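Open the model in your viewer and keep the selection box handy. We will walk from strand to strand, then into the interior, and finish at the surface.

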Amino acid sequence: MQIDNVSALVTGAASGLGNATAAALAARGARVFGLDLDVSSAPEIDGVTYVETDVTSEAEVRQAVELAAEAGPLRVVVNCAGIGPSARILGRNGVHDLGLYAKVIQVNLIGTFTVLALAAEAIAATEPLEHGQRGVIVNTASVAAYEGQIGQVAYASSKGGVVGLTLPAARDLAQHGIRVNTIAPGIVETPMLATVSEEFRAGLAAGIPFPQRLAQPSEYAALVAFIVDHDYLNGETVRMDGALRMAPR
């Protein structure tokens, strides 16, 4: 499916994977609507309109979807918004905070589903293209969905849920001409990693078989563009991790 001259919705667009994806889609001619909780420090990008949105709010997501669809047709949706706090089930301060666990699930999994479902409703209303296709939704999981480390129980649960919804979502939406795929990144050089030392970053890179470096957000964005272009790729979760398999810690 062509990216040029369509509307695209990208969550978590103010930084990191989402920002790189928004820029890449805009560079290919899409009218991009970048959603994030705080867009005040988001870099200006030609073709990207930022919309302050909480992905856990049905009303705010619906409003953002309508905005994108009005500029439409809305055909591309990329879910990058997420959080990743760390805590053990039984830690020094007692049992894992149940509210924190619920919040991670709410943002990473339910937020992803909320955007997917409400955007799918708008995409399904567009005119079909060749072979009845109308659009594509790309979600973001993580290698933690498969090899969650110590302290990642909430994060791994949420990302495992994203992997689990991919195929049934693709099957549900097939009749509407909407493909659903997921990317499971390994260790990506995002703003969160910019706060750690070079020594620590080098240690992370050393554990990756090849290429022995951290992934770049632009590589995630390029994979999104490939998935959008590849009309026969559907219901799939693609690992982008340099053959990394995470150790327990």
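Two strands count as paired if DSSP finds at least two bridges between them. Keep that in mind for the first stop, and remember throughout that this is a predicted model.

**Stop 1: strands E1 and E2**

Select residues 7-11, which are strand E1, together with residues 31-36, which are strand E2. The two strands run parallel and are joined by five bridges. To see one pairing up close, pick Leu 9 and look across to E2, where its bridge partner is Phe 33. E2 is mostly covered, with five of its six residues buried.

**Stop 2: the loop after E2**

Now move on to Gly 47, in the loop between E2 and E3. Is Gly 47 buried or exposed? Its relative accessible area is 43%, so Gly 47 counts as partly exposed. Show Ala 27 as well: this residue is 20 places away from Gly 47 along the chain, yet their C-alpha atoms are separated by 7.7 Å. Beyond its neighbours within four places in sequence, Gly 47 is in contact with Ala 26, Ala 30, Arg 31 and Val 32.

**Stop 3: the largest nonpolar core**

In soluble globular proteins, nonpolar side chains tend to be buried together. Here, the largest nonpolar core has 33 residues. Select Leu 25, Val 32, Val 76, Val 78, Ile 183 and Tyr 220, which have the most contacts inside this core. Among the elements that give two or more residues to the core are helix H1 (16-27), strand E3 (48-52) and strand E7 (135-140). Helix H7 (217-229) is also on that list, and the largest share, six residues, comes from H7.

Which residues does Val 78 touch, leaving out those up to four places away in sequence? Show Leu 9, Val 10, Thr 11, Thr 21, Leu 25, Val 138, Tyr 220 and Val 224 around Val 78 to see these contacts. Leu 9 is the residue you met at the first stop, paired with Phe 33.

A second, separate core has 26 residues, including Leu 116, Ile 123, Ile 178 and Val 180.

**Stop 4: strand E8 and its partners**

Ile 178 and Val 180 bring you to strand E8, residues 178-185. Eight of its eight residues are buried. Turn the strand over to see both covered faces: Ile 178, Val 180, Thr 182 and Ala 184 are on one side, with Arg 179, Asn 181, Ile 183 and Pro 185 on the other.

Add E7 to the view: E7 and E8 pair in the parallel sense over six bridges, and Gly 135 stands opposite Ile 178. Next, add strand E9 (residues 237-240), which runs parallel to E8 and is joined to it by four bridges. Here Ala 184 stands opposite Arg 239.

**Stop 5: Pro 209**

Select Pro 209, in the loop between helix H6 (198-206) and H7. With a relative accessible area of 48%, Pro 209 is partly exposed. Pro 209 touches Gly 242, Ala 243 and Leu 244, not counting residues up to four places away in sequence. Pro 209 and Ala 243 are 34 residues apart in sequence, but 5.9 Å apart from C-alpha to C-alpha.

**Stop 6: a nonpolar patch**

Finally, switch to the surface view and select Ile 89, Leu 90 and Val 95, which make a nonpolar surface patch of about 330 Å². Ile 89 lies in the loop between strand E4 (74-78) and strand E5 (90-91). Its relative accessible area is 52%, so Ile 89 counts as exposed.

Key. Residues are numbered from 1 along each chain as its sequence is written. This is a predicted model: local features need pLDDT of at least 70, side-chain atom pairs count only at pLDDT 80 or more; totals for chains, interfaces and linings use all residues. Side-chain values use heavy atoms; hydrogens and water are left out. Patches are made of residues with over 30% relative accessible area and no salt bridge: like charges are joined within 9 Å, nonpolar side chains (Val, Leu, Ile, Met, Phe, Trp, Tyr) within 5 Å. Accessible areas come from the Shrake-Rupley method with a 1.4 Å probe; for residues, only the protein chains shown count as cover. A salt bridge is a side-chain nitrogen of Lys or Arg within 4 Å of a carboxyl oxygen of Asp or Glu. Buried means under 20% relative accessible area, exposed over 50%, partly exposed in between (1.4 Å probe, protein chains only). A nonpolar core is a set of buried Ala, Val, Leu, Ile, Met, Phe, Trp, Tyr and Cys residues joined through side-chain atoms within 4.5 Å. Contact means heavy atoms within 4.5 Å.
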